[in-house]
Amino acid sequence: MKRLRLLIVDDHEVVRLGLRLLLQNRPEFELVGEAESGAQALSLVERLRPDLVVLDVRLPDRDGVEVCREITARFPETRVLILTAYPDEEFIVRAIEAGASGYVLKRAGSRELIEALEALARGEAILDPAITRKVLEQFRQRSRATREEAFKDLTPRERLILARIAEGKSNREIAEELFLTEKTVRNYVSIILDKLGVSNRVEAAAYALKHRIHDFLKEEDSAS
């Protein structure tokens, strides 16, 4: 395993000391720097180019999630592990969206933390088991909300026809499947294109697939 070069970012000296002691006898890790603020963290990442930044989300000068976002955007070769005392689902979702490779609670034992660091060294992503279920549910809820917004202007019949367009079916095939006339389907297609603000069937199909029309219809069926 490649030796992992770490930067620790936490405004509490006792936390930095504890991590330093934990890592000092682990030959697979090299602690290359410590920072107590977001500004220091970004400066050290630029200068040291560590493999991994162990980052708290609550810093005195910056939102740690935004620091994570800037690190992953500017230095994509550097991975970020969020290490925090806060099992807040909103923070976790924001951190993952910001590019964090892992999220571990400070209450985790030393063995769990070492295993998380080793997993990150192997290129894996880590999420504390205590919060995984809640986070996945947050993502599911956000995905549902996004899909609902994408198709909110369409009637149930228009959504069905859009799904068939996304499957590459012709007006005739859609008409036969839904027991409509071909002219009626053409009229529906024109309305759908207008509502979605797209120019043709190909763009409509791309829109439908991007926003996962079939998942949306399944969710609608389950809810009814």
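User: How much accessible surface does the protein have, and what share belongs to carbon and sulfur atoms?
Analyst: This is a predicted model, where local features need pLDDT of at least 70, side-chain atom pairs count only at pLDDT 80 or more, and totals for chains, interfaces and linings use all residues. Residues are numbered from 1 along each chain as its sequence is written, and side-chain values use heavy atoms, without hydrogens and water. By the Shrake-Rupley method with a 1.4 Å probe, the accessible surface is about 12,100 Å², and the carbon and sulfur share is 49%.

User: What percentage of the residues is buried?
Analyst: Buried means under 20% relative accessible area, with a 1.4 Å probe and protein chains only. Of the 224 residues, the buried share is 41%.

User: Which element gives the largest share of the largest nonpolar core?
Analyst: A nonpolar core is a set of buried Ala, Val, Leu, Ile, Met, Phe, Trp, Tyr and Cys residues joined through side-chain atoms within 4.5 Å. The largest one has 26 residues. Among the elements that give two or more residues to this core are strand E1 (4-9), helix H2 (38-48) and strand E3 (52-55). The largest share, five residues, comes from H2.

User: How many residues are in the other core, which lies apart?
Analyst: This core includes Ala-150, Ala-204, Phe-216 and Leu-217. Its residue count is 23.

User: What are the dimensions of the box that the C-alpha atoms fill?
Analyst: The box is taken along the principal axes. Its dimensions are roughly 75 × 35 × 35 Å.

Definitions and conventions
Buried < 20%, exposed > 50% of the residue type's maximum accessible area, 1.4 Å probe, protein only. Helix = DSSP H or I, 4+ residues; strand = E, 2+ residues; numbered from the N terminus.
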